[in-house]
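Let's take a walk through a protein fold together, moving from the overall picture down to single side chains. Please have the viewer ready so that you can follow along.

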Amino acid sequence: MTSFGKHALGAFLRTALMVLLAVVVATAAILTYNTVRLTSRQITVAPLTPVDIDKVKAAERLAAAVRFKTISDAAKPKQNAEAFAGLRSYIQANFPAFHAAAKREVIGDGALLYTWEGSDPRAAPIALLAHQDVVPIAPGTEDDWQAPPFAGVVRDGFIWGRGAWDDKASLFAILEAAELLAKEGFKPRQTVYFGFGQDEEVSGERGAAAIAATLAERGIKLDFVLDEGLLILNGVINGLSRPAALIGVAEKGYVSLEFKATATGGHASLPSHDTAIGMLAMALARLEQNPMPRQLRRPTLEMFDVLAPEMNLASRVVLSNLWLFKPLVLHSLASAPTTDAAIHTTAAPTTFHAGRQDNVLPAYATATVNFRLLPGDTRQTMLAEVRRAIRNDRIAISALPGSSDPPPITGTASFAYRALNQTIREVFPDVVVAPGLMVATTDSRHYTAITDKIFRFQPVRATTVDLSRLHGTNERLSVDNYADMIRFYRRLLQNTAS
């Protein structure tokens, strides 16, 4: 190489190094600026002096409610009708002041609707929701419970049993709060509706949907609805040392699809190249191997915006610079089912039926796959993705009843959101509050025709270990947490009336 060539190469390398250095410095400056400019989005609230609650008696009443075996069944809606009737009678007998203050109606075959008339007829009414029904116990797990699931035991500082958390805790905490206020002579400014469905766990079509339809027929428009939903998570969110109270401003859609593969049946000694079971199994495998695209959308982005200023330095840098770290964040969220569900439409095979005898080829095989749709996705877009993934037009796909697109996202710039935010901070002063996405479905989705503000939040403190108890074994709720739930609903009614 000539001296001129060496000089030119040296100049090029020096220029490239300077450009690279400039890019590094500029990137560092942008990262630093975006991180430093973060300021807390938490509202300033004075902690509330805890109201005295007879938590022992309240826990006993919830435990007694657990003993009513109110398991709902979509195929057999009258199953356990006696237990549901018993629970309704128990509620009526144990909250006399509230029942004297509010009008009680039984909608359809067991949904409860209470109307507590407000003092200001111009004020838009609100609704507090909960549900009476519970899920069954997984067969074979009965002996794994530390207390029998329907014994309604209070022990070691916990209320044990199916429904002690989901969702009789909300139902009875609301009633306990309303009873306390009624005894104090409280009268809400706006009318408050209490909607307690009896089939939330199997779609809510006979309960919440019937209540919402009744209110719509009466021309009622609600300011907001509060239902069960997201929780106060402790130690669940990486990089956050304080508990996070997440208010669900959105929830996923719900679709169950039935897949049916048809083939030539006959003797197992002469199998065809495409058996019904083989085709269907391959289709389901392809569906799992080709998940719907993972992406960060509005509810999750809003949560990051609010939580980032409260997190450690590394997390603040990452979340305030998603333009650079978005792939890293998506990879991290996708690593665990609890966070992966928040970033894409999920598909879960739940049933598979085929064949009756070991030496006979079945003529068809069917499977059910349950999808939870990310806000922004629809049933139509999801179905197109499914067809693309399974790559087999011979498999028939049909939607089962009860499907729904994701409901609209609720904004956070409203008095209702602020009242909820304030109440959480008053009763739980150690937490940070942020909006979030509810990855399951709730009864609240049936109310979209009569309100544009739906919130999903249950004031329950939970760790990662606790989350496995939802619909699982050893469901329980601490007595102290239950007392705080009562305080929360009591204060919320006061704050919305002020």
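What follows starts with the whole chain, then visits two groups of strands, a helix and a few individual residues.

Keep in mind as you look around that this is a predicted model. The protein has 498 residues, of which 51% count as buried. Its secondary structure comes to 15 helices and 17 strands, and the C-alpha atoms fill a box of roughly 100 × 75 × 50 Å, taken along the principal axes. Among the contacts with a separation of 6 or more, 81% are between residues 24 or more positions apart.

A good place to step inside is strand β6, residues 192–197. How many of its residues are buried? The count is 6 of the 6, so β6 is largely enclosed by the rest of the structure. In a regular strand, side chains alternate between the two faces of the sheet. You can follow two such sets here: V192, F194 and F196 point one way from β6, while Y193, G195 and G197 point the other way, and all of them are buried.

Now look at the strands that pair with β6. Strand β2 (residues 111–116) pairs with β6 in the antiparallel sense over 5 bridges, and W116 has V192 as its bridge partner in β6. Strand β3 (residues 126–131) runs parallel to β6 and is joined to it by 6 bridges. In that pairing, L128 stands opposite F194 of β6.

Helix α6, residues 208–217, belongs to this neighbourhood too. Its buried residues are A208, A209, I211, A212, T214 and L215. An α-helix has 3.6 residues a turn, so residues three or four places apart point the same way. Against which strands do the buried residues of α6 pack? They pack against β1 (103–107), β2 and β6. Just after α6 comes G219, which takes a positive phi of about 75°.

From β3, follow the chain into the loop that leads to β4, where D133 is found. D133 is buried, yet it has no salt bridge: the nearest side chain of opposite charge, that of R206, is 7.0 Å away. What does the side chain of D133 reach instead? One polar contact, of 2.7 Å, joins it to the side chain of S72, and at 2.9 Å the D133 side chain also reaches the backbone nitrogen of E201. Leaving out residues up to four places away in sequence, D133 touches a set of residues including T70, F84, D166, D199 and V202. That set also includes G197, which you met above as one of the buried residues of β6.

The same loop between β3 and β4 holds I137. Is I137 buried or exposed? Its relative accessibility is 14%, so I137 counts as buried. Beyond residues up to four places away in sequence, I137 touches E142, W145, P149, F150 and R162. For a sense of scale, I137 and R394 are 257 residues apart in sequence and 37 Å apart in space, C-alpha to C-alpha.

The loop brings us to a second group of strands, an open sheet of 3 strands in the order β4-β5-β17, with antiparallel pairing. The edge strands are β4 (153–155) and β17 (476–478), each pairing on one side only. On average, neighbouring strands of this sheet are turned by 25° against each other, direction ignored. Helix α2, residues 55–66, packs on the sheet and touches β4, β5 and β17; the direction of α2 makes about 15° with that of β5. Between β4 and β5 (residues 158–160) there are 3 bridges, and in β5 the bridge partner of V154 is I159.

Two more residues round off the tour. D466 lies in helix α14, residues 464–467. With 17% relative accessibility, D466 counts as buried, and apart from neighbours within four places in sequence it is in contact with W165 and R461. N94, by contrast, is partly exposed, with a relative accessible area of 28%. You will find N94 in helix α3, residues 81–94. A polar atom of the N94 side chain lies 2.9 Å from the backbone oxygen of Y90. N94 and E179 are 85 residues apart along the chain, and 9.3 Å separates their C-alpha atoms.

Terms used: Residues are numbered from 1 along each chain as its sequence is written. This is a predicted model: local features need pLDDT of at least 70, side-chain atom pairs count only at pLDDT 80 or more; totals for chains, interfaces and linings use all residues. Side-chain values use heavy atoms; hydrogens and water are left out. Two strands pair if DSSP finds at least two bridges between them. Helices (H or I, at least four residues) and strands (E, at least two) are DSSP runs, numbered from the N terminus. Axes are lines fitted to C-alpha atoms, for helices over the stretch in contact, and angles run from 0 to 180 degrees between N-to-C directions. Contact means heavy atoms within 4.5 Å. Buried means under 20% relative accessible area, exposed over 50%, partly exposed in between (1.4 Å probe, protein chains only). Lys and Arg count as positive and Asp and Glu as negative; His and the chain ends are not counted. A salt bridge is a side-chain nitrogen of Lys or Arg within 4 Å of a carboxyl oxygen of Asp or Glu. A polar contact is a pair of N or O atoms within 3.5 Å; within protein, one must be able to donate a hydrogen and the other to accept it, and residues adjacent in sequence count only if both atoms are side-chain atoms.
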